[in-house]
Amino acid sequence: MTRLPDAVHSAHPWRIHELTRDFELEDVWAVRIPGAGPDDFPTMLAAMQASAGPAREPLLSRFLFAVRWKLGALFGWDRPKAGIGARVQPLRDRLPSDLGEAPRGSDAGLSPLTSVYELNNECAFELATKTVHAVLHLAWAPTASGEHELRVAVLVKPNGLFGRLYMAAITPFRRLIVFPAFMRQWEQAWRDRGRPGPKGGSAGTVDSTVGVHHIPESIRALSSLSHIDYADVFTLRTDADAGTTPEQWARAMFGDVPTVAEQLIWRGLLGLRLSRGRSPETVAGWQITERGEDWIRLETSSWFLTGNLLVQATEGRVSLGTFLRYDRRLGHGVWPPLSAVHRRLAPGLLRDAASNVRAA
């Protein structure tokens, strides 16, 4: 993936230019598509849509999106009256007759974006919120080597001063984290196209139980906490290797040492004390405090809360439980809003672990 000069997009006679003269070009990216030919754009789009979904995104991207949607719900940025057809005119209303007769294209896998048009070498999607009217343009372009690459352009029309401040605030996250993650995901989607998914219709399903009194006593008893203020358990049905131990599952979820995303969430937001370096006694900086035949418990704390992570593995299922005790009043204020983000991330974390186990 490569970030390109704006002129690479502006100088090419893409049809999107006819619709976005009042938009500003924010970014242009190129995604390498090995072995792609001139007629492979529909195949690329299908592969992207098949690979889409928050569960397939890296943890840090999922966290940022979860925070963004939570803030949007809190401040009303994403209400229908701020969207397409309400606050802003749909781009489809601007289409010339030939584009209006072309296939609209599918929105599948790219929600909340909606399709504007789709041709054999380019397509466009749009999104409007209280902050901005944005367009994602995807195009198929030849390279110097004779192959083809995916060109990705982002065009925006900020909604007043607030919209411009919002765009300025998210630019570092978009350029350094979010879009590079999407590019890697889309390149991998091209490589994985046509590969069969997991066997069995039920594999990949995640069930959840939230609330201390909804967790079975047999599971709560595995926690080391004298009092539990928050509890949830997420269970993935999986066809991954049944011989994988709970510790191996835990390391597949979190790694041997904390990632940048985990550092941001655990150490930065929650102040958790994490061990440094690799150790057989820790998983991603959490201490292994106890284990059984089919479970393992990880534990750490900050000055205002203590946490357990419980990983259980039985044939065809793997579970992740989170148990917290608020040791100071601050815990009651910090964790509840973060718990909503946590619950959005947990299913993807389990599915990522299953993919890691299969790969291993």
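**Close-up views of a predicted model**

**View 1. R151, a residue of strand β6.** R151 sits in strand β6, and everything here comes from a predicted model. Is R151 buried or exposed? With a relative accessibility of 15%, R151 is under the 20% cut-off, so it counts as buried. Its side chain joins that of E149 through a polar contact of 2.7 Å. Look past the residues up to four places away in sequence, and R151 still touches plenty: L4, V8, W29, H137, L138, A139, A141 and P142.

**View 2. The open sheet and its strands.** Now zoom out to the sheet around β6. Six strands build an open sheet, and going across you meet them in the order β1-β2-β6-β5-β4-β3, with antiparallel pairing. Why do β1 (2-3) and β3 (114-118) have a side without a neighbour in the sheet? They stand at the edges with a single partner strand each, so one side of each stays free of a neighbouring strand. As a bit of background, strands of a sheet pair through backbone hydrogen bonds, either parallel or antiparallel.

**View 3. The β5 and β6 pair, with a helix packed on the sheet.** Strands β5 (residues 132-142) and β6 (residues 148-158) run antiparallel and pair over eleven bridges. For one spot to find along the pair, try H137, which stands opposite A153 in β6. Helix α5 (residues 160-192) packs on the sheet, where it touches β1, β2 (24-32), β5 and β6. The direction of α5 makes about 15 degrees with that of β2.

**View 4. D22 and its contacts.** You'll find D22 in the loop between α1 (6-10) and β2. Its relative accessibility is 38%, so D22 counts as partly exposed. Which residues does D22 contact, once neighbours within four places in sequence are left aside? They are R94 and K157. With R94, the link is a polar contact between the two side chains, at 3.0 Å. D22 and L155 are 133 residues apart along the chain, yet 9.6 Å separates their C-alpha atoms.

**View 5. Helix α7, mostly covered.** Helix α7 spans residues 246-254, and eight of its nine residues are buried. Here's the buried list: P246, E247, W249, A250, R251, A252, M253 and F254. Right after α7 comes G255, with a positive phi near 85 degrees.

**View 6. Helix α8 and its buried face.** In helix α8 (residues 260-269), the buried residues include A261, E262, I265 and W266. Look down the axis of α8 and its buried residues fall within an arc of 100 degrees, so they line one face of the helix. That pattern fits a simple rule: an α-helix has 3.6 residues a turn, so residues three or four places apart point the same way. Over on the other side of α8, V260 and G268 are exposed. Just after α8, G271 has a positive phi of about 65 degrees.

**View 7. Two nonpolar cores.** Which members of the largest nonpolar core touch the most other members? Out of 43 residues, they are W249, M253, F254 and W266. Helix α9 (residues 329-359) gives this core its largest share, eleven residues. Setting aside neighbours within four places in sequence, W266 contacts F254, G271, L272, L274, A284, W286 and L309. There's also a second, separate core of 29 residues, with L150, V156, F179 and M183 among them. In soluble globular proteins, nonpolar side chains tend to be buried together.

Definitions and conventions: Residues numbered from 1 in each chain as written. Predicted model: local features only at pLDDT ≥ 70, side-chain atom pairs only at ≥ 80, totals over all residues. Heavy atoms only, no water. Pairing = 2+ DSSP bridges. Helix = DSSP H or I, 4+ residues; strand = E, 2+ residues; numbered from the N terminus. Contact = heavy atoms within 4.5 Å. Axes fitted to C-alpha atoms, helices over the stretch in contact; angles between N-to-C directions. Buried < 20%, exposed > 50% of the residue type's maximum accessible area, 1.4 Å probe, protein only. Arc of directions from axis to C-beta. Polar contact = N/O pair within 3.5 Å; in protein donor to acceptor, adjacent residues only side chain to side chain. Core = buried A, V, L, I, M, F, W, Y, C linked by side-chain atoms within 4.5 Å.
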